[in-house]
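Thanks for making time this morning. Please have the sequence and the coordinates open while I talk.

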Amino acid sequence: MKLNSIAKQLVVALIASASFASIALAEDMMKDCVMMKDGNMMVCKDGKSMKMDKDMEMKNGTHVMKDGTVMMGEKKMMMKDGDMMDMEGKMMEKPAMSADKMKQKSE
């Protein structure tokens with residue numbers, strides 16, 4: 001009986017922590033950013049996204065080009081689908097893959 005009660009408390013704690021993580025991720029996703037989506041660079045501002053129409057310089061000096069090329073000083077990289085960068089010039093964490101998408105990949 002006592003083990004069953006501990007298991008229930010553990011499940012409740014896991015659900016609560018997952019909920020807080022989802023809220024934090026949602027808040028992070030609402031930040032202004034640039035992102036690669038379906039092969040196009042998008043600018044997200046105030047919760048709206050639009051196709052990037054010009055190259056941008058982030059606050060830390062990083063340059064992001066319309067084609068997804070990123071220049072961080074001497075380093076050059078290409079953003080891939082789902083990559084996001086905030087307006088400070090920091091790469092943002094990608095959202096976790098949903099259970100539905102994981103299921104589709106395994107089929």
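I will go through one sheet strand by strand and then turn to a single methionine.

Please keep in mind that this is a predicted model. The sheet is an open one of five strands, paired antiparallel, and its order is β3-β2-β1-β8-β9. At the edges stand β3, residues 48-51, and β9, residues 91-92, and since each has a single partner strand, one side of each is left without a neighbour in the sheet.

Let me begin with β1, residues 33-37, which is mostly covered, four of its five residues being buried. On one side β1 pairs with β2 over five bridges in the antiparallel sense, and there V34 has V43 of β2 as its bridge partner. These two strands form a hairpin with two residues between them, and D38 in the turn has a positive phi of about 50 degrees. β1 is also joined to β8 by three bridges, again antiparallel, with M35 standing opposite M84 in β8.

Moving outward, β2, residues 40-45, is joined to β3 by four bridges, and C44 finds its bridge partner in S49 of β3.

Now to the methionine: where is M79 found? M79 lies in the loop between β7, residues 75-78, and β8, residues 84-86, and this loop residue is buried, with a relative accessible area of 3%, where under 20% counts as buried. Leaving aside residues up to four places away in sequence, M79 touches a set of residues that includes V34, M35 and M36, as well as M84, M85 and M91. From N40, M79 is 39 residues away in sequence, while their C-alpha atoms are 10.0 Å apart in space.

Methods: Residues are numbered from 1 along each chain as its sequence is written. This is a predicted model: local features need pLDDT of at least 70, side-chain atom pairs count only at pLDDT 80 or more; totals for chains, interfaces and linings use all residues. Side-chain values use heavy atoms; hydrogens and water are left out. Two strands pair if DSSP finds at least two bridges between them. Buried means under 20% relative accessible area, exposed over 50%, partly exposed in between (1.4 Å probe, protein chains only). Contact means heavy atoms within 4.5 Å.
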